[in-house]
Amino acid sequence: MISKKLKALPTKLRDNLKNQPRLFGTCIFYDMQKDQCGIHSVRPEVCRGFGYHKDLVCFRKPELATKEPLTFKEKPIGYLSIDFTWKHF
Ligand code: SF4
């Protein structure tokens, strides 16, 4: 889904997202310029749950983390930025 989304992006937008300088460990899809997820509609399950579950508290709005710990439906396959980089997409 992520690959499909990235391939559908206009080249200029894709290249802009890809080439933004990021601190080590920052997600490769985080849009530093817009301060938002660059693949929001297809972001992974853990990202969808972030901020809303007791085990995934966001420091910006900790009061929203009221749901029970997230039970994953997707099987973890690795970490973005470490196991998966732009060369995989
Ligand atoms: S961590 Fe998840 S929500 Fe954040 S930028 Fe990356 S894919 Fe998007």
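Let's start at Lys 5, which sits in helix H1, a stretch covering residues 2-8. Please keep in mind as we go that this is a predicted model. Lys 5 is a handy entry point, since its surroundings lead us to a later part of the chain. Apart from neighbours within four places in sequence, Lys 5 is in contact with Ile 39, Ser 41 and Val 42. Take Val 42 as an example: 37 residues separate it from Lys 5 along the chain, yet the two C-alpha atoms are 7.3 Å apart. Is Lys 5 itself buried, exposed or something in between? With 17 other C-beta atoms within 10 Å, Lys 5 is partly exposed, because a residue needs 20 or more such neighbours to be called buried and 12 or fewer to be called exposed.

Ser 41, one of the contacts of Lys 5, deserves a look of its own. You will find Ser 41 in the loop between S2 and H3. Ser 41 has 7 other C-beta atoms within 10 Å, so it counts as exposed. Its C-alpha atom is 9.1 Å from that of Ile 2, although the two positions lie 39 residues apart in terms of sequence separation.

Now let's step back and take in the whole chain. The protein has three helices and two strands, and reading from the N terminus their order is α-α-β-β-α. The C-alpha trace spans about 40 × 25 × 25 Å along its principal axes. Of the 89 residues, 6% count as buried. Among contacts with a separation of 6 or more, 34% are between residues 24 or more positions apart.

How confident is the predictor? The mean pLDDT of the protein is 94, and 100% of the residues reach 70 or more. If you compare the elements, helix H2 (residues 11-18) has the highest mean pLDDT, at 97, while helix H3 (residues 45-49) has the lowest, at 93.

The chain is divided into two parts, domain 1 (1-39) and domain 2 (44-84). Their C-alpha centres lie 19 Å apart. With that division in mind, we can turn to the ligand.

Which residues surround the ligand? From the earlier part of the chain come Cys 27, Phe 29, Tyr 30, Cys 37 and Ile 39, and the list continues with Arg 43, Pro 44, Cys 47 and Leu 80. Each of the two domains, domain 1 (1-39) and domain 2 (44-84), gives at least three residues to this shell. Sorted by class, the shell holds eight nonpolar residues, no polar ones and one charged residue. The charged member is Arg 43, because Arg counts as charged, whereas Cys, Phe, Tyr, Ile, Pro and Leu count as nonpolar. Ile 39 is worth remembering here: this shell residue is also among the contacts of Lys 5.

Two residues catch the eye for their backbone geometry. Asp 35 has a positive phi of about 55° although it is not a glycine. Asp 35 belongs to the loop between strand S1 (30-31) and strand S2 (36-37), and it is exposed, since 7 other C-beta atoms lie within 10 Å. The second residue is Ser 81, again not a glycine, with a positive phi of about 90°. Ser 81 is located in the segment after H3. Its 16 other C-beta atoms within 10 Å make Ser 81 partly exposed.

Let's finish in that segment after H3, where Tyr 79 also lies. Is Tyr 79 buried or exposed? Tyr 79 counts as exposed, because it has 10 C-beta neighbours inside 10 Å. Tyr 79 and Gly 25 are 54 residues apart in sequence, and in space their C-alpha atoms are 9.6 Å apart.

Cys 58 is found in the segment after H3 too. Leaving out neighbours within four places in sequence, Cys 58 is in contact with Phe 50, Gly 51 and Ala 65. Cys 58 has 12 other C-beta atoms within 10 Å and is therefore exposed, since the exposed class takes in residues with 12 or fewer.

Definitions and conventions:
Residues numbered from 1 in each chain as written. Predicted model: local features only at pLDDT ≥ 70, side-chain atom pairs only at ≥ 80, totals over all residues. Near = placed C-beta within 6 Å. Domains from an automatic or database assignment. pLDDT = per-residue confidence, 0-100. Helix = DSSP H or I, 4+ residues; strand = E, 2+ residues; numbered from the N terminus. Contact = placed C-beta atoms within 7 Å.
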